[in-house]
Every structure is written in C-alpha cells, then in structure tokens.
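Hi,

Here is the structure I said I would pass on. Have a look at it first, and then read my notes below.

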Amino acid sequence: MSKKKKYVYLFANGKAEGKGTWKELLGGKGAGLAEMTSLKIPVPAGFTLTTEVCTEYYKNRQNYPAGLKDQVKKALAAVENAMGAKFGDPAKPLLLSVRSGARTSMPGMMETVLNIGLTTKTIPGMIARSSNERFVYDAYRRLIMMYADVVMEKAAGVEVEEDHGIRHQLEAELDKIKKAKGYKVDTDLTARDLKKLVDIFKKKVQKVLGRPFPDDPMAQLWGGIGAVFQSWNGKRAVSYRRIEGIPEAWGTAVNVQSMVFGNTGSRSGTGVAFTRNPATGEHVFFGEYLMNAQGEDVVAGIRTPQPINKKQKGNSPLQSLEEEAPEVYKALVKIQKRLDTHYKDMQDLEFTIEDGKLWMLQTRSGKRNGTAAIRIAVEMVKEKLIPRKTALMRVAPHQLDELLHPMLDPEAEKTTKPLAKGLPAGPGGAIGQIVFTADDAEAWAKAGKQVILVRNETSPEDVHGMHAAEAILTAKGGMTSHAALVARGWGKCCIVGCGALDIHLKSRKVVVDGLTLREGDWITLNGTRGLVYRGKINLLSSDPEKNLYYKTLMKWADQVRKLGVRTNADTPEDAALARTFGAEGIGLCRTEHMFFGPERIRAIREMIVAETQEKRRKAVMKLLPYQRKDFTGILKAMAGLPVTIRTLDPPLHEFVTLDKAQAKELAKDLGISVNKLTTRIAQLHELNPMLGHRGCRLGITYPEVTEMQARAIFEAAANLTKKGVKVYPEVMIPLVGSPSELAHQRAIVEKVAEEVARKIGKFRYQIGTMIEVPRACVVADKIAESAEFFSFGTNDLTQTAFGFSRDDIGSFLPGYLDEKILPDDPFQSLDQEGVGELVAMGVRKGRKTRKNLKIGICGEHGGDPQSVEFCHRVGLNYVSCSPFRVPIARLAAAQAALRK
Ligand code: PEP
Ligand code: MG
C-alpha cells in the first residue's frame, strides 16, 4: 500500500480538490459538496474520506490504510483555517458532522453523527461564541444520543432487543423530563433542563453500555468515522444494496464537514428540497423546512415541516419559507436553479440557515418515482438541457411499471409493516378479501366482491378464479410458475413463493407468522415488491395513454431500438391491449389456455380417454370450430402483424385433475366406467411431467392434435385473407430437440396448409420452432433446415440447462441468493454466461444454415431489461413478453441500442 495515495479530499474557501463527476471515489454527497464549493455556492468547509478507504478498511480486517490519519489531520487544519475556529479549542471551538455518502444515494441506510467536538472543555467556548447556552446544551444532548446509538452501540455490534436500544432509553429520559415539566415539544426545554438531561444521559450511557461517553474531540471524530464505515455493512445497508443491486465492493465515502446550525434561534432553520417535484416530475421547486431545528428534526417526523413556497403550500395554514424568510428563499431559489441546470438533472438538496445565512449541505441526483422520472427526462429535452439519448437512458425500464398498474400509495406503505414477503411476480398493487379456491373467487367476484386468491400454488384449473380475483398470492412456486405467468400476462398483481403462508384450505384460514387470517379478511399486496399487508392500503390508479410524457418517451425509444417487441397473448382482448402498449405482433400464443371452457375441456378429455385413433380424431375434431374462432379473433386483433401460434404443449394430465365426484360425472358423460377413467388418468401420471410427455412429443404421439390445430389456424387465415384482412400466422412447434421431430410435425402442418389453400384460397404462413432444450441449440443448424423461424423458450431452456425444475425452485432459490451462489433468479433474468451461451450458439448455428432466419425469444426473460439487452447483443430480431411488459421491453431495447 502506497503511503502517498490520496485518501482525503478537501473542500474549503471556494476551492475543492475533488470534482462533481468523481462519484465513484467521493460518493454522491462528497462529489456534490466538491462541485458546489467550486461553483462558489456557500458550503461549510470540510473533507471527504474516499470510498477506497472503506474498501481497504474491510480488506485489512477493519484497519485504516497507512497515511490516512496524517491526511485527515492536514485536511482538518485547512478546514480550521477556512472556518476561523479550531477543533477542540476551548476558546473558539469548531464542531464537525460526519456523514456517509455512497456512489448512489442509499437514503437513511447508513449513519450520521452531528455536533462532534462538543466536550466539557469546548462547551464554555461554544456558549461564548453563540451567546446561547440553551442551544449548546441542546446540541450536546443530541450528540450524546446519536453517538451512543450509532458509535457505541450499533457500530460496536452491541446486540439489543428491538425498541430497547440506548436511543430508546435516552428518549425515555427526555420524555420523563418533558412530562414532569408539562412540556409539549422539545423546544420547551430550557438550558437548565437540558443541562440536567445531559448529566442523566451520560450516566445512562455509562450504565447501559459500560463505557463513558468520550470527552475527547479526536476520539469522537474517529469514533464517528469508524461508525459510518461500519454502517456500510449494517443490516439496513446490506438489505438495501441487495434490493437495489448495489455492489458490496463500492463502499461508502465519509464526509467530515464543519457544522452550521439551524437551531440557534428563530432566524435559523434547516430543510430538504428538490429542484423538481420527485413524485410528479413537475418543474417546480419543492421542499420542506423547519425553523430552529437540526436536519434530523425534518426527517424524524416529530415536528410537522413547513412547505418551502406559496405554490406548494396551497391551502395549508402553515407558513412557507417564501413568506417567513423571503431573502433566504430568494437566495435558495437562485442556487437550486443553478444546480438543476448545472447538473442537468433533478437535484435533492439539503440546506441550513444559520442566523439568516444560507448554507448548502448537499446536492445529489434525487430519487424519483417512475412518473416523475419520465416527465423530468422529457421536459429536460424540451428545455434543451439534455439530448434525447440521455432522456432515454435516465428512465429505468422497470419504472414504467408504475404507470401501467395501479400501485400502493407509497406514503401509506411507509407507515405499515408488511406481514410477509414473497417473489414479486406480477407488479402493481391490489386490495381484496381472502378466498382460498378458484370457485370461491369467481362466486365472490360475481357477487360484487373484491377478492385475492390465496393458494399454495395454482394450476390451469384455477384460471377462472385467478381471472376473477384482484390479485393472486401463492405460498409456493417461482417467477415462472403457472400463477406468475398467467398473472403477468393479465397485468394482474401477483406474489408467489411466499413461504411464510401456512394455508389450511379445509378450515379456510391462513397462518402467517403466528397470526391467523380467515376467508373474507382484507389484505393488500404490493406485487412490485412482493409485500403482503394486513388490511387495506390506499391504491393510486393509472392510465398511461393519457400521459403525454410517457408517449413522447416511448416514441423516442421506438425510433432508436433495433429489436422488435412482440407480446405473449392467448386471447383477442390481450392481443388488443398489447397493441395499445406498442406490441408489433404476437410472439407466443399458448393454445392450451383455450381448452378450459366447459365444452372444450369435455372434448379434450374425451380425446384423452379414447382408445382408438379414430375415436381420438373424432373427439379432437370437436375442438376445431372453437379453435378456428379463437384464431380468427386473435389474427384479426393483430391484423397486419405476425402471430406466432404454438401447438399444444403441456402434459395431458393437466386437463384431467379431477376429484371423485367430478370423475364420476365425467365417466357418466363419456359413457365409460369410473374404473376405466381413473385407470387412464393413472396412466397419464408422470414422475417428472415437465420433462415428460409434452411439447412436440404430444403432436408426434397424437398427430391428429397438430392436424386439428393447423387446420384451425389456416382456415381462420384463409378466410380472413379472402376478406382482405392481412394476416401472418406462424405455426410454432414446441420442445424440439431433434431435427426429425420438427420435420415430422412440419410435414403434418404443410399438408394441412396445402389442403386448406386448395379448399378456401391462398394465405401466407410460416413454420418454425421453439428452441427450449440444450440439444436444440447444439443441433440448431440442422433444425433450421425445417424452420423459418426460431423462438427461444428460455423458461424451459433455463430449466433444462440448469436442471432446475421451474416449479420447484422456490424451495432452494432463497438460500442460493442469500449465499450468492446465484446472482439472480435465472428464471427472471437470463443466466447470460450459461443459458445465454446456448442461445448464442443456437443463433449462430441456425443462421449458418439459414442466413435470414428470424429469431425471437418468448420466455419470461423477454420482458426483463437485462435479458432484453442480451437479446440485442446476440442479434435476435425480436423479444416477446406479456402485454404489460411490452413498454418496458421497448425502452430496454432502445437503451440496449444506445449503449452499443
Ligand atoms: C418457455 O419455455 O420459455 C416458453 C415460453 O414456454 P412455456 O413457458 O409455455 O413452457
Ligand atoms: Mg416451454
């Protein structure tokens, strides 16, 4: 380790050693302070310990790098010089704040210590300097509380029960005094009260933590610095990093800065502000402040903060800063405008007013929701601050979700503790009464009730109830489980794999963490985050088509993207909806969902039990008119655009999950004995149905099924073509692993096409295949001989490449993610180095045989931004995803094109 390495960057007197762009080294806050200082904006002098100190500290078993102490000493001397005060000096003491600052903001996740440097020696000097004894003791009691909590307890790793930490105990002492004196607010405490309180605090700290509160300023400073570095690996920060995907290796910087005080009296104050509204994106200065307060008071919610200006104040009786301190407000407005244009992005500001003088303590790119992100990006282009390319890169694709689904009121959510957490399978929010069966869901919904279907897992038999429900919550299953796929397709809120649910179907109750909820009880789901709440939480609704900013951004996205975006849809309604979201065709129409209507399921069951091919054909052909109608509807809804229709895929047993009574009824209906029926059902039983008799294997065993489906597709296409409707059906054969499987099915489909063309008239069509087992990737060159297109079924390809069952991954995935064995759920975000290699191989080999082979993806990954970028890189022609993810894929595809 070189002693010369620079670990500490000074900002003082209008000069900064660091720059605003050095976020990686200085953290967001440190970079902002350096930049503001260089811009001659009033910033209290200070210095930043770099993020490299943090990484080296952890690398070296929590020891600081050599040379750091000296560099801090020097920087401190420069700060003392700039501020005309000295740290630890009895006559003119300087006080410091110590704050964290990672590269991207992690609000509230790490620690801060204020008022460092107050000791029994410096207190008299501070009193003389401020002529305000009360203020000094107030600052001192805050320091003791913060320091004891953050440095002596949390950073020292002292384990305490919830709500029994030192902070709570000290707060109880404060309350005791307030109660005894009949005070309502903290500001009622007099200097004498605070002096007494400080003594009580010190004694309590000694008693509870077994160590005295340090009376040496340097000990306080290094204690504070150490605590901030420790907090990088604190529980909150670690979970936040995991949720936000922030790498552990980044580390946090530490900012040591001269204190300025918002609590010296009525001409002082402190606040937080945004250069634009972070909830709506509106270009108005927005913020809150409190007079005679320190920063923590604004965020802690003890006192109600006041609005920053008259516009924001509306009808509120509270005074605004614009009215209360017009000169300061004017200065603040000027600074915020300058920062907004300088950074060309919405800024999150912190400021303090000390005896009428304004100081800026922070500027950083502000957190915003999806609605605001879009509006700000688009308006900044119109204001000529940023080019379109930057605007497109500024909005995270998943933020579009918020515009497409109703969502929980984030304010209400903040104050409610979730009951349980599962996988966020279908985004958005939903409120409903618990029901435990699909039939109940349907019946209750028919009776006008709002329900949430709570199941261990769902099956295609449940679709009616799933459709009727506001949302679906399952205890088992992963992100590509049945419930997840179906819900996402409908844009329905859905949480799966919520392991904390102990469902007692018979007694119609679910036990969560010791709490029993019964049928009819209200719950609220946040499907975007996977959180389950008891009771009702307010929902905010959405209508993206009315949002002009969204429409503009999407138009720009479409102009730059190279990837096509199609949708996975099984009904004309879904197809039409997806078109409004910008889908350019259907990439996957799963035909099995069409078989669950009462007449259809009967026909398919009849086919399943048929003993001869002739009987089977007769039964299958009963489905022809239904299927023809389905395909006519879908092809019409997608007129002018391609529609990929997949032949039957799931194992047949899914169509005959019957209870005793149902079996009896069906046997009677089909004119066979119950025994015969149950024997046949037993024959269908497979140990690994997802690897069993499904996909093209069905069409090979039962060619009449493929024939019927091809006929239905082509008759629909031929009739529509005759009427002048432009239709482009693409017949897709699933789960092909050998070229001969595809050749077999292709022959059937082609024969039907010829017959239909002869009978009704000519139409356009293509035949292709899904690539969803590893072998298909390896022999893709041979498969391409019989395929005009490939569509990667990455759900099955992930399942077969890893050997992970897509339905059972829930039992071990959480452990895998915790142990970092896998970075993400591979069913959600494509495993690029493994499954992705197979995809790349399939593309390369396929195009070797057929240069213009059209290639897409229709697994769930088609709507995942990272996977979309991968698809762009390996040269796919399109991605296909559920309707509600179409806009996300469009934006992700644009970003992929721009990143190149
Ligand atoms: C796939 O396997 O990726 C796919 C789209 O098909 P399914 O999910 O219906 O098996
Ligand atoms: Mg599949």
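**Aromatic pairs and the metal site**

Tyr147 has a relative accessibility of 4%, so it counts as buried, the cut-off being under 20%. Please keep in mind that this is a predicted model.

What does the ring of Tyr147 pair with? Its partner is Phe213: the ring centres are 5.5 Å apart and the planes stand at 85 degrees, so this is an edge-to-face pair. The contact bridges distant parts of the chain, with the two positions 66 residues apart. Tyr147 belongs to helix H5 (residues 133–154), while Phe213 sits in the loop between helix H7 (191–209) and helix H8 (217–231). Phe213 is buried as well, at 8% relative accessibility.

That is one hit from a search of the whole structure, which turns up 20 aromatic pairs. Another is Tyr57 with Tyr64, and this one is stacked, at 5.1 Å centre to centre and 25 degrees between the planes. Buried or partly exposed? Tyr57 is buried at 6% relative accessibility, whereas Tyr64 is partly exposed at 24%. Both tyrosines also belong to a cluster linked by ring pairs, together with Tyr58, Trp222 and Phe229.

Trp222 has a charged neighbour too: Lys69 lies over the face of its ring, 4.4 Å from the centre. A similar arrangement turns up at Trp359, where Lys357 lies over the ring face at 4.5 Å from the centre.

Now for the metal. The magnesium ion (ligand 2) is coordinated by Glu772 through OE and by Asp796 through OD, at 2.0 to 2.2 Å. These two residues are 24 apart in the chain: Glu772 is in the loop between strand E31 (766–771) and helix H31 (774–778), and Asp796 is in helix H33 (residues 794–802). Glu772 and Asp796 are both buried.

As for the overall picture, the chain has 37 helices and 34 strands. Its radius of gyration is 32 Å, which agrees with the value near 29 Å for a compact globule of 900 residues. Along the principal axes, the C-alpha trace spans about 105 × 60 × 55 Å. Of the 900 residues, 57% count as buried. Among contacts between residues at least 6 apart in sequence, 68% join residues at least 24 apart. The chain exposes about 38,300 Å², and carbon and sulfur atoms supply 52% of that area.

Cheers

How values were computed. Residues are numbered from 1 along each chain as its sequence is written. Chains are lettered from A and ligands numbered from 1 in the order in which they are written. This is a predicted model: local features need pLDDT of at least 70, side-chain atom pairs count only at pLDDT 80 or more; totals for chains, interfaces and linings use all residues. Side-chain values use heavy atoms; hydrogens and water are left out. Rings of Phe, Tyr and Trp (its six-membered ring) pair if their centres lie within 6.5 Å; planes under 30 degrees apart count as stacked, over 60 as edge-to-face and the rest as tilted. Buried means under 20% relative accessible area, exposed over 50%, partly exposed in between (1.4 Å probe, protein chains only). Helices (H or I, at least four residues) and strands (E, at least two) are DSSP runs, numbered from the N terminus. A charge sits over a ring if NZ of Lys or CZ of Arg is within 6 Å of the ring centre and within 35 degrees of the ring normal. Donors are N, O and S atoms within 2.8 Å of the metal (3.2 Å for Na, K and Ca); water is not among the atoms, so sites may look incomplete. The radius of gyration is taken over C-alpha atoms; the globule rule is 2.2 Å times the number of residues to the power 0.38. Contact means heavy atoms within 4.5 Å. Accessible areas come from the Shrake-Rupley method with a 1.4 Å probe; for residues, only the protein chains shown count as cover.
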